[in-house]
Amino acid sequence: IADAEKMLHELDVPKWMVFTRDDNPGYVGYKDNADRMDGVSTLFPLFFLLVAGLVCLTTMMRMVEEQRGQIGIYKALGYSKVAVASKYFTYAMVASLLGSILGILLGHILIPKVIYNAFDMMYSLPPLLVSMPWSIASASAAVAIISTALVAVIACNKELVVQPANLMRPKAPKPGKRIFIENIA
């Protein structure tokens, strides 16, 4: 017993080491991944809405421009501007409603499950509970529908102010510009 007491007195005073979650590399890695995912999830919908708006604008402008002759015939037959525009407006509304429903289903149900399963392979996570943020979903759908409606009105209004006879004729090509070398000669 005396030898053991002597060894006990010769031992250094132990140092306490207290670690927080921030000292755990697994926790820090998970937190960094979650922060990155939060940043992406904030910017991605805005970027996606902008791209969708540009695609809608291009599609509607092109569709109205390709059907100039039909619009001219409708106007010549006495259809009102509202009646002619309602065809394109209805097309835009159906497309934006279907796109909004599909986007809500993919963006709030399928994509989170795929991302969660990828994280579940790296970390031990509890089961995923998906809840639908109806306020965000309805706001994004409203923005998509309003922007699509606005684009449809703008695209149609541009052609509806033209006389029916001019609409039935092919659109005149844009005037050519001289290139630099032509100016020298």
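## Asn33 and its neighbours

Two residues are in contact here when heavy atoms of one lie within 4.5 Å of the other. With that in hand, welcome to this predicted model. A handy place to begin is Asn33, a residue of helix H2. Leaving aside residues up to four places away in sequence, Asn33 touches Phe119, Met122 and Tyr123. Is Asn33 buried or exposed? Its relative accessibility is 15%, and because buried means under 20%, Asn33 counts as buried.

## H2 against H4

Asn33 also belongs to a helix pair. Helix H2 covers residues 25–66, and its axis lies 12 Å from that of H4, at an angle of about 155°. Angles over 145 degrees count as roughly antiparallel, so H2 and H4 are roughly antiparallel. Their crossing is right-handed.

Which residues make this contact? From H2 come Asn33, Met37, Met60, Met63 and Val64, while H4 supplies Tyr88, Tyr91, Ala92, Ile115, Phe119 and Met122. Sorted by class, the contact of H2 with H4 has 10 nonpolar residues, 1 polar residue and no charged ones.

Elsewhere on H2 sits Leu46, which has 52% relative accessibility and counts as exposed. Along the chain, Leu46 and Met61 are 15 residues apart, and their C-alpha atoms are separated by 22 Å.

## H4 against H5

H4 has another partner in helix H5, which spans residues 134–160. The axes of H4 and H5 come within 8 Å and cross at roughly 155°. The two helices are therefore roughly antiparallel to each other, and H4 passes H5 in a right-handed crossing.

On the H4 side, the contributors include Lys81, Val84, Ala85, Tyr88, Phe89 and Ala92, together with residues further along such as Ser100, Ile104 and His108. On the H5 side, among them are Ile136, Ala141, Ile145, Thr148, Val153, Cys156 and Leu160. How many residues of each class take part in the contact of H4 with H5? There are 18 nonpolar, 4 polar and 1 charged.

## H3 against H4

Helix H3 is made of residues 68–76, and H4 of residues 81–122. These two pack at an angle of about 145°, with axes 9 Å apart. H3 brings Gln70, Ile71 and Tyr74 to the contact, and H4 brings Val84, Lys87 and Tyr88. By class, the contact of H3 with H4 divides into 4 nonpolar residues, 1 polar and 1 charged.

Tyr88 is worth a second look in the viewer. Tyr88 appears in the contact of H4 with H3, in the one with H2 and in the one with H5.

## The cysteines

How many disulfides are there? The count comes to 0. Cys56 is in no disulfide, and the nearest cysteine sulfur, that of Cys156, is 11 Å away. Because a disulfide needs two cysteine sulfur atoms within 2.5 Å, that separation of 11 Å rules the pair out. Seen from the other side, Cys156 is in no disulfide either, with the sulfur of Cys56 as its nearest.

Are these cysteines buried or exposed? Cys56 counts as buried at 16% relative accessibility, and Cys156 counts as buried at 3%.

## Asn166 and Gly72

One last stop is Asn166, which lies in helix H6, residues 164–168. At 35% relative accessibility, Asn166 counts as partly exposed. Asn166 and Gly72 are 94 residues apart in sequence, yet 7.5 Å apart in space, C-alpha to C-alpha.

Notes
Residues are numbered from 1 along each chain as its sequence is written. This is a predicted model: local features need pLDDT of at least 70, side-chain atom pairs count only at pLDDT 80 or more; totals for chains, interfaces and linings use all residues. Side-chain values use heavy atoms; hydrogens and water are left out. Axes are lines fitted to C-alpha atoms, for helices over the stretch in contact, and angles run from 0 to 180 degrees between N-to-C directions. Helices (H or I, at least four residues) and strands (E, at least two) are DSSP runs, numbered from the N terminus. Ala, Val, Leu, Ile, Met, Phe, Trp, Tyr, Cys and Pro count as nonpolar, Asp, Glu, Lys and Arg as charged, and the others, Gly among them, as polar. Buried means under 20% relative accessible area, exposed over 50%, partly exposed in between (1.4 Å probe, protein chains only). Angles under 35 degrees count as roughly parallel, over 145 as roughly antiparallel, 65 to 115 as roughly perpendicular and the rest as oblique. A crossing is left-handed if the near helix is turned anticlockwise from the far one by less than a right angle, and right-handed if clockwise.
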